[in-house]
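Here's a quick walk through one model, written for someone who'd rather look at the structure than at a log file. Keep the 3D view open while you read.

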Amino acid sequence: MYYLSEDLFFPPVHLAHSSGIIGLGGDLSPERLQLAYKSGIFPWFEDGEPITWWAPNPRMVLFLEELIVSKSMRNIINRKIFRVTFNQNFRAVISNCQQVKREGQNGTWITNDMIEAYCKLHDLGIAKSVEVLENDQLVGGLYGVDLGHVFCGESMFSLVSNASKVAFIFLVNQLKMENYKLLDCQVYNEHLESLGCREIAREEFMAILNSF
């Protein structure tokens with residue numbers, strides 16, 4: 001595990017601790033965040049903790065052609081209950097991801113500093129959002145970091161049933177049209193698995209990440 005200084009540097013991911021932690025400290029500057037994602041690393045920590053950087057093994061990903069859309073979800077999409085937009089309200093999306101309570105979690109890892117850092121990345125065209133609206137009200141969405149051939153998903157939220165799934169499906173379809181290679185989902189959870197995501201070795205993830 002490395003303690004980061006002001007220098008823009010991350011160690012190779014194979015040096016990460018078995019927990020997936022590769023470094024502590026540093027900052028959340030746009031330059032460091034861009035270097036982190038290009039290096040297969042992302043920040044994940046709670047308020048009051050040092051900035052913690054991760055490169056887990058295995059890595060949860062979606063190969064875009066493996067997306068699972070259930071019959072019920074296809075029906076919801078076809079009924080046009082929701083309207084979906086891209087990059088129209090990034091701050092509202094990340095703020096909702098911070099505020100929405102999640103089962104089994106006491107708090108959020110999206111600190112106020114994280115919000116400001118990713119909003120700066122959004123202003124640079126690197127962090128992007130998907131918004132899901134019902135009756136012109138924001139009811140779901142997601143955000144992540146766009147590397148041009150891999151989209152690194154960060155968090156999603158729903159205020160009504162299925163809204164985050166709709167955001168995910170629309171994002172994947174957009175990535176397919178633009179010939180992306182992979183959607184990075186970072187770490188395992190059952191919800192992601194139900195959408196077709198699966199774990200792969202960190203080495204395989206890094207090979208895809210470094211293929212462009």
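## Rings, helices and a sheet

Searching the whole structure turns up five aromatic pairs. Bear in mind that this is a predicted model. Two of the pairs are set out here, and Tyr143 takes part in each of them.

| Ring pair | Distance of centres | Angle of planes | Arrangement |
|---|---|---|---|
| Phe90 and Tyr143 | 5.7 Å | 80 degrees | edge-to-face |
| Tyr118 and Tyr143 | 5.9 Å | 70 degrees | edge-to-face |

Why do these count as edge-to-face? Planes over 60 degrees apart get that label, so the 80 degrees between Phe90 and Tyr143 qualifies, and so does the 70 degrees between Tyr118 and Tyr143.

Now see where the rings sit along the chain. Phe90 belongs to helix α3 (residues 90-99) and Tyr143 to strand β8 (residues 137-146), so their pairing ties together parts that are 53 residues apart in sequence. Tyr118 comes from helix α4 (residues 112-123), and its pair with Tyr143 links parts of the chain 25 residues apart.

Are these rings buried or exposed? Phe90 is buried, at 3% relative accessibility. Tyr143 is buried too, at 1%, and Tyr118 has a relative accessible area of 0%, which also makes it buried. Add Tyr37, and you have one aromatic cluster made of Tyr37, Phe90, Tyr118 and Tyr143.

Tyr37 also leads us to a helix contact. In α1, the residues Pro30, Leu33, Gln34 and Tyr37 meet Ala117, Tyr118, Lys120 and Leu121 of α4. So Tyr37 and Tyr118 turn up both in this contact and in the aromatic cluster. By class, the α1 contact with α4 has six nonpolar residues, one polar and one charged. As for geometry, the axes of α1 (residues 30-38) and α4 come within 10 Å and cross at roughly 80 degrees, which means α1 is roughly perpendicular to α4.

Next, the sheet that holds β8. It is an open sheet of seven strands with mixed pairing, in the order β6-β7-β8-β9-β10-β5-β11. The edges are β6 (83-86) and β11 (198-200); each has a single partner strand, so one side of each is left without a neighbour in the sheet. On average, neighbouring strands are turned by 35 degrees against each other, direction ignored.

At the β6 edge, four bridges join β6 to β7 (residues 127-134), and the two run antiparallel. If you want a spot to zoom in on there, try Phe86, which stands opposite Val130 in β7.

Notes. Residues numbered from 1 in each chain as written. Predicted model: local features only at pLDDT ≥ 70, side-chain atom pairs only at ≥ 80, totals over all residues. Heavy atoms only, no water. Pairing = 2+ DSSP bridges. Axes fitted to C-alpha atoms, helices over the stretch in contact; angles between N-to-C directions. Phe/Tyr/Trp six-rings, centres within 6.5 Å; stacked < 30°, edge-to-face > 60°. Buried < 20%, exposed > 50% of the residue type's maximum accessible area, 1.4 Å probe, protein only. Parallel < 35°, antiparallel > 145°, perpendicular 65-115°, else oblique. Contact = heavy atoms within 4.5 Å. Nonpolar A, V, L, I, M, F, W, Y, C, P; charged D, E, K, R; others polar.
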